[in-house]
Amino acid sequence: MSEQRTTAVGGMETSYGFRNVGAGDKQGLVNEVFHKVANRYDMMNDLMSGGLHRVWKDAMVAWLNPPKRPGWKVLDVAGGTGDVAFRIIDASHGNAHATVLDINGSMLGVGRERAEKRGLAGKTDFVEANAEELPFADETFDAYTIAFGIRNVPRIDVALSEAYRVLKPGGRLLVLEFSEVDMPLLDKVYEAWSFNAIPRIGQAVTGDGEPYAYLVESIRKFPNQQNFAAMISRAGFDRVTFRNYTGGIAALHSGWKL
């Protein structure tokens with residue numbers, strides 16, 4: 001379904017799944033989706049990936065390889081529930097400090113509760129803000145991570161520029177996102193599962209299939225691996241590369257502020 005994807009030039013700004021919406025309307029619609037699914041976020045990702053999102057997030061943190069020293073700071077964007085941030089802290093042997101930023105207060109509420117239960121409240125901050133307008137000074141963080149969230153940002157180019165701004169020189173960007181399947185048989189199976197099964201399961205489990213239909217459609221609109229890598233380079237990052245997981249169902253993009 002490559003013909004439905006946006007390109008490095010843009011197009012996600014007014015794309016709400018397969019619908020076009022007015023400029024400035026997308027963020028509110030996306031917010032409503034995540035208010036609905038906040039308490040079922042892990043279930044949502046399990047449905048979307050068959051549980052593989054957990055393996056991919058582990059691989060993301062392994063590639064980040066946070067140092068085991070105090071003072072290292074990561075900004076995890078669109079990570080309200082703390083799923084990635086907690087992994088990073090654990091991988092640093094408890095030395096990293098994670099700032100979790102999300103535009104959705106419901107998601108952040110889940111993350112704060114989980115941090116308290118894990119004893120990580122002192123190693124995490126939870127900030128409600130927009131990825132397009134980060135409330136941080138230039139060159140604040142050693143790393144910027146975002147998992148399965150960048151496609152929900154209306155102006156992706158602006159968010160990437162903000163990521164570059166708040167990273168220290170030598171800082172690293174890692175973006176994990178659903179992407180374009182590059183295996184002929186797998187793409188047909190994944191397409192059938194996504195469009196037929198996921199919204200129906202979402203409806204059966206949560207009573208509302210609409211958020212899941214949007215999330216499936218948004219994956220198909222997101223730029224493919226090469227086009228998204230071009231967007232990262234355009235934002236100023238160097239040594240931009242990506243790794244495909246599970247035949248391209250997900251891709252992990254890396255870039256450095258050098």
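Here is a short walk through this predicted model, from the whole chain down to one helix.

Let's start with the overall build. The protein chain holds nine helices and nine strands. Its C-alpha trace spans about 45 × 40 × 35 Å along the principal axes. For 258 residues, a compact globule would have a radius of gyration near 18 Å, and the 17 Å of the protein chain agrees with that.

The inside and the outside come next. Of the 258 residues in the protein chain, 54% are buried, taking buried to mean under 20% relative accessible area. Contacts also reach across the sequence: if you take those between residues at least 6 apart, 75% join residues at least 24 apart. On the outside, the protein chain exposes about 10,500 Å², with carbon and sulfur atoms supplying 51% of that area. As for charge, there are 29 positive and 31 negative charges, and their mean positions lie 4 Å apart.

Now let's zoom in on helix H6, which runs over residues 156-166. Its buried residues are Ile156, Ala159, Leu160, Glu162, Ala163 and Val166. Viewed down the axis of H6, these buried residues fall within an arc of 160°, so they line one face of the helix. The spacing makes sense in light of a general rule: an α-helix has 3.6 residues a turn, so residues three or four places apart point the same way.

What covers the buried residues of H6? The cover includes three strands, namely E3 (73-77), E6 (141-147) and E7 (167-178), together with helix H9 (225-234).

Conventions
Residues numbered from 1 in each chain as written. Predicted model: local features only at pLDDT ≥ 70, side-chain atom pairs only at ≥ 80, totals over all residues. Heavy atoms only, no water. Buried < 20%, exposed > 50% of the residue type's maximum accessible area, 1.4 Å probe, protein only. Helix = DSSP H or I, 4+ residues; strand = E, 2+ residues; numbered from the N terminus. Arc of directions from axis to C-beta. Contact = heavy atoms within 4.5 Å. Rg over C-alpha atoms; globule rule 2.2 N^0.38 Å. Areas by Shrake-Rupley, 256 points an atom, 1.4 Å probe, with all protein chains shown as cover. Lys, Arg positive; Asp, Glu negative; His and termini not counted. Charge placed at Lys NZ, Arg CZ, Asp CG, Glu CD.
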